[in-house]
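The exercises below are meant to be worked through with the sequence and the coordinates open side by side. Try each task before reading its solution.

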Amino acid sequence: MQSREAYLAKLEDTAREIFGARAALYTTSAAHTDPQVLARVVALAQLEPDWDALDIATGTGHTALALAPHVGSVIGTDLTPEMLAEAEQLRVRRGVTNVEFRVADVHALPFADGTFHLVTCRRAAHHFSKIAMALREMHRVLRPGGRLVIDDRSVPEDDFVDRTMNELDRLHDASHVRQYRPSEWQRLLADAGFIIEAMEPYRKHRPLSALTAGVSADDVARIHTVVDGFDAAQRALFNLIEVNGTLHLTHWYILLAARARAGAGSPHKAPS
């Protein structure tokens, strides 16, 4: 049986493969282009016009491009070159000149300590194989007092929902690691040297196809087996109902804003 350590070591390669194949979908994805959530990310960032910003796991660049009108410069990083190629095309189409995209791994960011006023990370942290290391890197590249804004999938403080939602997302995407509860985010951010200033859980009621689209037939069958096995109370927890003839269920998310505490976080330097 494969050890958890070996499994985690392969996740970055798995993510590159999956997101490379799906890259074009994220350019128009309703979840990733959601104007209300992007506007809230911008609001929580409390942007200043002379700031340098870093958008981690930028995907096809939606968050980086949303920040661009409000700051001096934005760098968007991602593991997947195909994603960044889509992001660059979108940047050119919109005529944005203060954003650039680079391939980089969140666990070893190629930037000096204290480079950025702001770090954002949207809909990606649940893929990071070493979340504590990733958060320490975010802290390292921020100036003391710099801001971090995260928007990600989450789960409530409920064991059944936690276990089931993470299982469904692993079936949807083999690079999924974990969606964290609000209480876990509190601990993770504090341990990485951040002071939390806002924590905003929210929900979306989405079609089951959001989990099954682009997934192998075997995993689609497994997803249906999980959902079909819900009892009445479990269906209520997920608000599993038909909407216009299509099954919908609740997905949980969280928005987080935090400030980098001076003198905290990882002591290591940027990679050369």
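**Exercise 1. Which residues are linked in a network of salt bridges?**

Solution. Bear in mind from the outset that this is a predicted model. Begin with the overall tally, since a search of the whole structure finds 18 salt bridges. Next, pick out the network, which links Glu 157, Asp 159, Asp 162, Arg 178, Arg 181 and Glu 184. Then look at one contact between its members: the side chains of Arg 178 and Glu 184 meet in a salt bridge with an N to O distance of 2.9 Å. Finally, check the acidic partner of that contact, Glu 184, which is buried with a relative accessible area of 16%.

**Exercise 2. Decide for Asp 113 and Arg 140, which form a salt bridge, whether each is buried or partly exposed, and then treat the salt bridge of Asp 151 with Arg 123 in the same manner.**

Solution. In the salt bridge between Asp 113 and Arg 140, the closest N and O atoms are 2.9 Å apart. This pair links distant parts of the chain, with Asp 113 in the loop between β3 and β4 and Arg 140 in helix α6, 27 residues apart. The cut-off needed here is that a residue is buried under 20% relative accessible area, exposed over 50%, and partly exposed in between. Asp 113, at 35%, is therefore partly exposed, whereas Arg 140, at 5%, is buried.

For Asp 151 and Arg 123, the closest N and O atoms are 3.0 Å apart. This pair also links distant parts of the chain, Asp 151 lying in strand β5 and Arg 123 in the loop between β4 and α6, 28 residues apart. Asp 151 has 1% relative accessibility and counts as buried, and Arg 123, with a relative accessible area of 10%, is buried as well.

**Exercise 3. Trace the strand pairings around β4 and β2, and state the handedness of the crossovers.**

Solution. Start at strand β4 (residues 116-122), where seven of the seven residues are buried, so the strand is largely enclosed by the rest of the structure. Four bridges join it to strand β1 (residues 52-56) in parallel, with Leu 118 as the bridge partner of Ala 53. Six bridges join β4 to strand β5 (residues 142-154), again in parallel, and here Phe 116 has Leu 142 as its bridge partner. The chain passes from β4 to β5 through helix α6 (residues 131-141), and this β-α-β crossover is right-handed.

Now move to strand β2 (residues 73-78), which is mostly covered, five of its six residues being buried. Five bridges join β1 to β2 in parallel, and the crossover between them, through helix α4 (residues 62-67), is right-handed. β2 also pairs in the parallel sense with strand β3 (residues 99-103) over five bridges, and together with helix α5 (residues 81-94) these two strands make a right-handed β-α-β unit.

**Exercise 4. Why is the ring pair of Phe 111 and Phe 116 classed as it is?**

Solution. A pair of aromatic rings is described by the distance of the centres and the angle of the planes. The whole structure holds seven aromatic pairs. For Phe 111 and Phe 116, the centres are 5.1 Å apart and the planes stand at 85°, so the pair is edge-to-face, given that planes over 60 degrees apart fall in that class. Phe 111, at 7% relative accessibility, counts as buried, and so does Phe 116, at 2%.

Technical notes. Residues are numbered from 1 along each chain as its sequence is written. This is a predicted model: local features need pLDDT of at least 70, side-chain atom pairs count only at pLDDT 80 or more; totals for chains, interfaces and linings use all residues. Side-chain values use heavy atoms; hydrogens and water are left out. Rings of Phe, Tyr and Trp (its six-membered ring) pair if their centres lie within 6.5 Å; planes under 30 degrees apart count as stacked, over 60 as edge-to-face and the rest as tilted. Buried means under 20% relative accessible area, exposed over 50%, partly exposed in between (1.4 Å probe, protein chains only). Two strands pair if DSSP finds at least two bridges between them. A crossover is right-handed if, with the strands pointing away from the viewer, the path from the first strand over the helix to the second runs clockwise. A salt bridge is a side-chain nitrogen of Lys or Arg within 4 Å of a carboxyl oxygen of Asp or Glu.
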